[in-house]
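Me: I should like to examine the geometry of the model shown below. Please give the reasoning before each result.

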Amino acid sequence: MSNKEIINSLKKSTLTLLESPLNQEEIEKELNEIHLHFQRVTEITGFDNKIEHLAAVPSAKGKALGLNHAAQCLLDYKRTVKFLKAVVLAIKEKQKKHPKETIHFFYAGCGPYAPFICLIAPLFTPEEIQFTLLEINKASIQSAKKLIKSLDLTDYVQEFYLADAVTFKVPEANKFHILFSETLDALLYRESYVPILYNLLPQFNKDVTLIPENVLINMSLSNNTKANSDLSEHKMGNILDVRQVIASHEGKQHTPIQLPDKKIDFTSLNMSAYKSMLLDTQVHVYNDIWLNRNESSLTLPLEMTLEQPFLNNAIIFTYQIEPDIELKCKLE
């Protein structure tokens, strides 16, 4: 395949993925072909056993995915498609609000494939959109540069930054229309989505569009033993609403060591009726686009068996940012 044929093939695959609806087989076919193109150029498959490709990269708070895991995110099929649709929709909506302006897109954590420039830029002109890329992993940014150059997309990139998104100060932050940060994991464990938002969001203007818009961690009780059953689940509400806690921190200088505790009271419930507790990560991508339970590796529920007789009156959740990023809980 010539370079021009590869570029046309990628554009065609992207347009196909943006069509709705597609079945899972069609989605996998298109993304597998895209992945094949990307790995040929970068020589990063996402599945090799090189130590330097496997290791996570420490940031000021939390860790960034290693090269392999970052590459594999492309093959989290429903997640990639929903993020693609969200980004294109957001760009078009910004174009309506800001006619004749270049839309400036800040991409925090582009990984080795930078898919949300490589797939989206060809749908627009460099006069319509400009990307600024930030990445903590030197090998990832080198790979992304190589891929972007091979696809003749360098005119779309205003700047590459090799830096930590948790501490980075954004030059000319007010010019950006969209902030994109896909730096998260299930239950917001280990990765730096929360501290990145604490650092970056206040730097941008209040009209900036954030993708994903928000992440919720929800709790429910179930009398089933399988987490994929919706039967007889009792919804207990949010344990964590990221945008809500960040908004409540507005005006403060430093990222907190931990977020406020969330207490769930059991005293009004017949706890003997329940066999397990489920924690769900729900990702609000953009507008009416959501990633729900089991649609992605991000949204696989955590199921915890409730030993009977269950004698505790409440559970208290604490989202810790230092020394490690994790959700902790204790019964009382």
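Me: Which residue of β5 stands opposite L133?

Reply: This is a predicted model, in which local features need pLDDT of at least 70 and side-chain atom pairs count only at pLDDT 80 or more, while totals for chains, interfaces and linings use all residues. Residues are numbered from 1 along each chain as its sequence is written, and side-chain values use heavy atoms, leaving out hydrogens and water. β4 (residues 129-135) and β5 pair in the parallel sense over five bridges (pairing needs at least two DSSP bridges; helices, H or I of at least four residues, and strands, E of at least two, are DSSP runs numbered from the N terminus). In β5, the residue opposite L133 is F160.

Me: Which strands stand at the edges of the sheet that has the order β5-β4-β3-β6-β7?

Reply: This open sheet has five strands with parallel pairing. Each edge strand has a single partner, so one of its sides is left without a neighbour in the sheet. The edges are β5 (157-162) and β7.

Me: What angle does the direction of α5 make with that of β7?

Reply: Neighbouring strands of the five-stranded sheet are turned by 15° against each other on average, direction ignored. α5 packs on this sheet, touching β3 (103-108), β4, β6 (178-181) and β7 (contact means heavy atoms within 4.5 Å). Angles run from 0 to 180 degrees between N-to-C directions of axes fitted to C-alpha atoms, for helices over the stretch in contact. The direction of α5 makes with that of β7 an angle of about 175°.

Me: How is α2 oriented relative to α5, parallel or perpendicular?

Reply: Helix α2 (residues 24-42) and helix α5 (residues 77-97) pack with their axes 10 Å apart, at an angle of about 80°. The classes are roughly parallel under 35 degrees, roughly antiparallel over 145, roughly perpendicular from 65 to 115, and oblique for the rest. That makes the orientation of α2 to α5 roughly perpendicular.

Me: Which residues of α5 make the contact with α2?

Reply: From α2, the contact is made by Q24, I27, E28, L31 and N32. The α5 side consists of Y77, K78, T80 and V81.

Me: Which residue of β15 stands opposite I316?

Reply: A three-stranded open sheet has the order β10-β14-β15 and antiparallel pairing. In it, β14 (residues 314-320) and β15 pair over six bridges. In β15, the residue opposite I316 is K330.
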